[in-house]
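Work through the exercises below with the structure open. Each task is followed by a solution in steps.

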Amino acid sequence: MLRRFASLSSPFIRSSRPLLLSEADYGRRIMEEGFSTGTMPPPDDKGIFAKEKLPFISFVLGGPGSGKGTQCARIVETFGFAHLSAGDLLRKEISSNSENGAMILDTIKEGKIVPSEVTVKLIKKAIKSSEYHKFLIDGFPRTEENRLAYEHIIGVEPNFVLFFNCPEEEMVKRVLSRNQGRVDDNEYTIKKRLQVFRELNLPVINYYSKRGLLRTVNATGSEQQIFEQVRQIFSSFEVTHWMRLENIH
């Protein structure tokens, strides 16, 4: 039996979504409630993004070997998105030799996890400095802490979350066959990474499913068959997004 990560077998999960506050009210509520572990600095007085300039943001989640990297490249080419990877942003900051980069490097060397707010602020900086208006944020949020930090600092939810749902056996087979020379591309390490994915990512995926923001792709079949599912999702949301912006004006 092929085991999927969760009972998310339908390509398009629909669930009742609670009434959302406006972007501004939602951000204010997040700021007022804060974290149980402490309070982080509030965003700019006028919000992270002016209402008429709200970017289109899609989180992209999936286990190692789910094919999300390949599909992200096609989304960028077809729909004109900017592709942001949390890992790439951290590596770029380290290579900049900035004080923040040195702190990140020291944290990693000590075997610790980079604080979520550091990663989110790098994402925020990349979005605000980009000429693009549409963003794929790949492999983020990985944990509930990541998600809470994003909502606290950015103040709005993503437009939707794209989840590449793939059987574990298929992901293991794909990673072993891609032969990219990575030291962690062996069966034992892959299965450990999948275990971490189940434990940390699935609560995030289930949260967005309950919010009605999750769009699940059946990540088996050919690259083109998978992309046809992806194309339908993005085409639908692009129309909705631009209609909303027109109504704002």
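**Exercise 1. An unusual backbone angle**

Task: Is Asn 97 buried or exposed, and in which loop does Asn 97 lie?

Solution. Step 1: Asn 97 is exposed, with a relative accessible area of 70%. Here buried means under 20% relative accessible area, exposed over 50%, and partly exposed in between, with a 1.4 Å probe and protein chains only. The model is predicted: local features need pLDDT of at least 70, side-chain atom pairs count only at pLDDT 80 or more, and totals for chains, interfaces and linings use all residues. Residues are numbered from 1 along each chain as its sequence is written, and side-chain values use heavy atoms, with hydrogens and water left out.

Step 2: Asn 97 lies in the loop between helix H3 (86-95) and helix H4 (99-109). Helices (H or I, at least four residues) and strands (E, at least two) are DSSP runs, numbered from the N terminus.

Step 3: Most residues other than glycine have a negative phi, and most peptide bonds are trans. Asn 97 is not a glycine, yet its phi is positive, about 60°.

**Exercise 2. A cis peptide bond**

Task: Find where Pro 141 sits and describe the peptide bond that leads from Phe 140 to Pro 141.

Solution. Step 1: Pro 141 is in the loop between strand E3 (134-138) and helix H6 (144-154). Step 2: The bond from Phe 140 to Pro 141 is cis, and its omega is near 0°.

**Exercise 3. A strand and its neighbours**

Task: How many residues of strand E1 (residues 56-62) are buried, and with which strands does E1 pair?

Solution. Step 1: Seven of the seven residues of E1 are buried, so the strand is largely enclosed by the rest of the structure.

Step 2: In a regular strand the side chains alternate between the two faces of the sheet. In E1, one side holds Phe 56, Ser 58, Val 60 and Gly 62, the other Ile 57, Phe 59 and Leu 61, and both faces are covered.

Step 3: Two strands pair if DSSP finds at least two bridges between them. E1 and E3 run parallel and are joined by five bridges; within this pairing, Phe 56 stands opposite Lys 134. E1 also pairs in the parallel sense with strand E4 (residues 160-165), over five bridges, and there Val 60 stands opposite Leu 162.

**Exercise 4. Two sides of a helix**

Task: Which residues of helix H7 (residues 168-178) are buried, and which exposed residues does the face turned away from them carry?

Solution. Step 1: The buried residues of H7 are Glu 168, Met 171, Val 172, Arg 174 and Val 175. Step 2: These residues lie on the same side of H7, because they cover an arc of only 165° around the axis (the arc of the directions from the helix axis to the C-beta atoms). Step 3: The face of H7 turned away from the buried side carries the exposed residues Lys 173 and Ser 177.

**Exercise 5. Salt bridges**

Task: Describe three salt bridges, namely Asp 88 with Arg 91, Arg 211 with Glu 157, and Glu 168 with Arg 198.

Solution. Step 1: A salt bridge is a side-chain nitrogen of Lys or Arg within 4 Å of a carboxyl oxygen of Asp or Glu. The whole structure has 12 salt bridges.

Step 2: Asp 88 and Arg 91 meet at 2.6 Å, N to O. Both lie in helix H3, three residues apart, about one turn of the helix. Asp 88 is partly exposed at 45% relative accessibility, whereas Arg 91 is exposed at 52%.

Step 3: In the pair of Arg 211 and Glu 157, the closest N and O atoms are 2.9 Å apart. This pair links distant parts of the chain, 54 residues apart: Arg 211 is in the loop between helix H8 (187-210) and strand E5 (214-218), and Glu 157 in the loop between H6 and E4. Arg 211 is buried at 12% relative accessibility, and Glu 157 is buried at 13%.

Step 4: Glu 168 and Arg 198 meet at 2.5 Å, N to O. Glu 168 lies in H7 and Arg 198 in H8, so the pair ties together parts that are 30 residues apart in sequence. Glu 168 is buried, with a relative accessible area of 12%, while Arg 198 is partly exposed at 27%.
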